[in-house]
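Work through the exercises below with the structure open beside you. Each one sets a task and then solves it in steps.

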Amino acid sequence: MIIKSSAPCRISLFGSGTDIDPYASLFGGVCLSMAINLRQEIVFDDSLPESLIPKGADWKFYDKFFEMLDYRPKHFRADFDGEITGGIGSSAAAAVALVGAIAKARDIKYDRDEVARVAWNVEVNGLKMFGGRQDQWAAAHGGVNVFEFMGDKVITTPLSPEFIKPILPSLMLFHTGKNRKNPKIQENFKELTDDQIQYLDAIKGLVPEAIKAIGKGKVKTFAELLDLSWEYKKMSNRGVSNDEIDGLFDKAKKCGALAGKVCGAGESGYVLFVVEPEKQKLFKEKIGLKWMDWDVSWDGLSVRRID
């Protein structure tokens, strides 16, 4: 028997940080999130000579899922075509793919929300990876979604391909060449100051404005809102940026970017820029970063068994 399971990573466009407790439980969080076709894949195959995991991954991550979900394959292979700890929710994608594979092996029927909830529980409570719920729900559902958070309750509103279509040609994803070194940046949200609450409120308030701008195809307005969101994010959590990142964004603006943000918790890893299509060729040449080819992943978690 072979089981193949895969789940997409994501780019958080707006609202990131408001999905994390205690803010989500106290005030309610909202995120506009987009799953992308950089995917984590898990294959359970007893005929493999040994188990293999991607570069940068940790065996303890997989062991904790096997322990808590009471299933351990003889051999498995984990593959990823991106960078671990790059800020696009790669651990959550792996977690969702693992839960999907284990559920299939044990003949457990989970819906997508249940898969996301189990994956989040193992990551946060088992592995002590403090964080919000956006990543697991994006990996499970795929597509472009508005996620609303209130404690452990998540409401998913899927958006159509036609909705996101106007801005996609202007979005460029790059990798800085360095991955996040501090795995605990998000822990700065464990005890919120009044200033942090104010900035998270502001980040949340931009979500409906961004949805309106995208829906009307207003790319420059979208870019202005993304820039503002990035500024609020830096003020809400001082660990998300540094002199090197600030310098990169100054350079990006000089090279033609309308806006940009570091993906995920910040510090390094993947960066998203808004660049008008006619300027992208020159921008790629000037910015000096690794360009990533990507698209929206509409299918979310995919699992199948091969007998």
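**Exercise 1: Cysteines**

A search of the whole structure, which is a predicted model, finds zero disulfides. Task: work out how C9 and C263 fit this result, and state whether each is buried or exposed.

Solution.
Step 1. Recall what is being looked for: a disulfide is a covalent bond between the sulfur atoms of two cysteines.
Step 2. Start from C9, which takes part in no disulfide; its nearest cysteine sulfur belongs to C263 and is 10 Å away.
Step 3. Apply the cut-off. A disulfide requires the two sulfur atoms to be within 2.5 Å. For C263, the closest cysteine sulfur is that of C9, and 10 Å is too far for a bond.
Step 4. Check the accessibility. C9 has a relative accessibility of 1% and so counts as buried. C263 also has a value of 1%, so C263 counts as buried.

**Exercise 2: Helix α3 against helix α5**

Task: describe how α3 and α5 cross, and list the residues that meet.

Solution.
Step 1. Locate the helices: α3 covers residues 90–105 and α5 covers residues 134–141.
Step 2. Read the geometry. Their axes come within 8 Å and cross at roughly 55°.
Step 3. Classify the angle. Roughly parallel needs an angle under 35 degrees, and roughly perpendicular runs from 65 to 115. The two helices are therefore oblique to each other.
Step 4. Add the handedness: the crossing of α3 past α5 is right-handed.
Step 5. Find the residues. From α3 come A92, A93 and V96, and they meet D135, Q136, A139 and A140 of α5.
Step 6. Sort them by class: the contact has five nonpolar residues, one polar and one charged.

**Exercise 3: Two helices against α4**

Task: describe the packing of α3 with α4, then that of α2 with α4.

Solution.
Step 1. Take α3 and α4 (residues 112–126). Their axes are 9 Å apart, and the angle is about 120°. This makes α3 oblique to α4.
Step 2. The crossing of these two helices, α3 and α4, is right-handed.
Step 3. On the α3 side the contact uses S91, A92, A95, V96 and V99; on the α4 side it uses V115, V118, A119 and E123. By class, these are seven nonpolar residues, one polar and one charged.
Step 4. Turn to α2 and α4, whose axes come within 10 Å and cross at roughly 115°. That angle makes α2 roughly perpendicular to α4.
Step 5. The crossing of α2 and α4 is right-handed. F61, K64, F65 and M68 of α2 make the contact with A119, N121, V122, E123 and G126 of α4.
Step 6. The class count for α2 with α4 is five nonpolar, two polar and two charged residues.

**Exercise 4: The surroundings of α5**

Task: state how many residues of α5 are buried and which elements these pack against.

Solution.
Step 1. Count: six of the eight residues of α5 are buried, and the helix is mostly covered.
Step 2. Name the buried residues: Q134, Q136, W137, A138, A139 and A140.
Step 3. List their partners. The buried residues pack against the helices α3 and α4, and against the strands β1 (2–14), β2 (29–45), β4 (144–150) and β5 (153–159).
Step 4. Look just past the end of α5, where G142 has a positive phi of about 70°.

**Exercise 5: Three loop residues**

Task: place L48, G87 and S297 in their loops, and decide whether each is buried or exposed.

Solution.
Step 1. L48 is in the loop between β2 and α2 (59–68). Its relative accessibility is 18%, and the cut-off for buried is under 20%, so L48 counts as buried.
Step 2. Leaving aside neighbours within four places in sequence, L48 contacts H75, F76 and R77. From L48 to V96 there are 48 residues in sequence and 22 Å in space, C-alpha to C-alpha.
Step 3. G87 is in the loop between β3 (76–80) and α3. With a relative accessible area of 7%, G87 is buried. Its C-alpha is 9.4 Å from that of S12, although the two residues are 75 apart along the chain.
Step 4. S297 is in the loop between β9 (290–292) and β10 (302–306). At 4% relative accessibility, S297 counts as buried.
Step 5. Not counting residues up to four places away in sequence, S297 touches P8, A35, I36, N37, R39, G142 and G143. One of these, G142, is the residue with the positive phi just after α5.

Conventions:
Residues are numbered from 1 along each chain as its sequence is written. This is a predicted model: local features need pLDDT of at least 70, side-chain atom pairs count only at pLDDT 80 or more; totals for chains, interfaces and linings use all residues. Side-chain values use heavy atoms; hydrogens and water are left out. Axes are lines fitted to C-alpha atoms, for helices over the stretch in contact, and angles run from 0 to 180 degrees between N-to-C directions. Helices (H or I, at least four residues) and strands (E, at least two) are DSSP runs, numbered from the N terminus. Angles under 35 degrees count as roughly parallel, over 145 as roughly antiparallel, 65 to 115 as roughly perpendicular and the rest as oblique. A crossing is left-handed if the near helix is turned anticlockwise from the far one by less than a right angle, and right-handed if clockwise. Contact means heavy atoms within 4.5 Å. Ala, Val, Leu, Ile, Met, Phe, Trp, Tyr, Cys and Pro count as nonpolar, Asp, Glu, Lys and Arg as charged, and the others, Gly among them, as polar. Buried means under 20% relative accessible area, exposed over 50%, partly exposed in between (1.4 Å probe, protein chains only).
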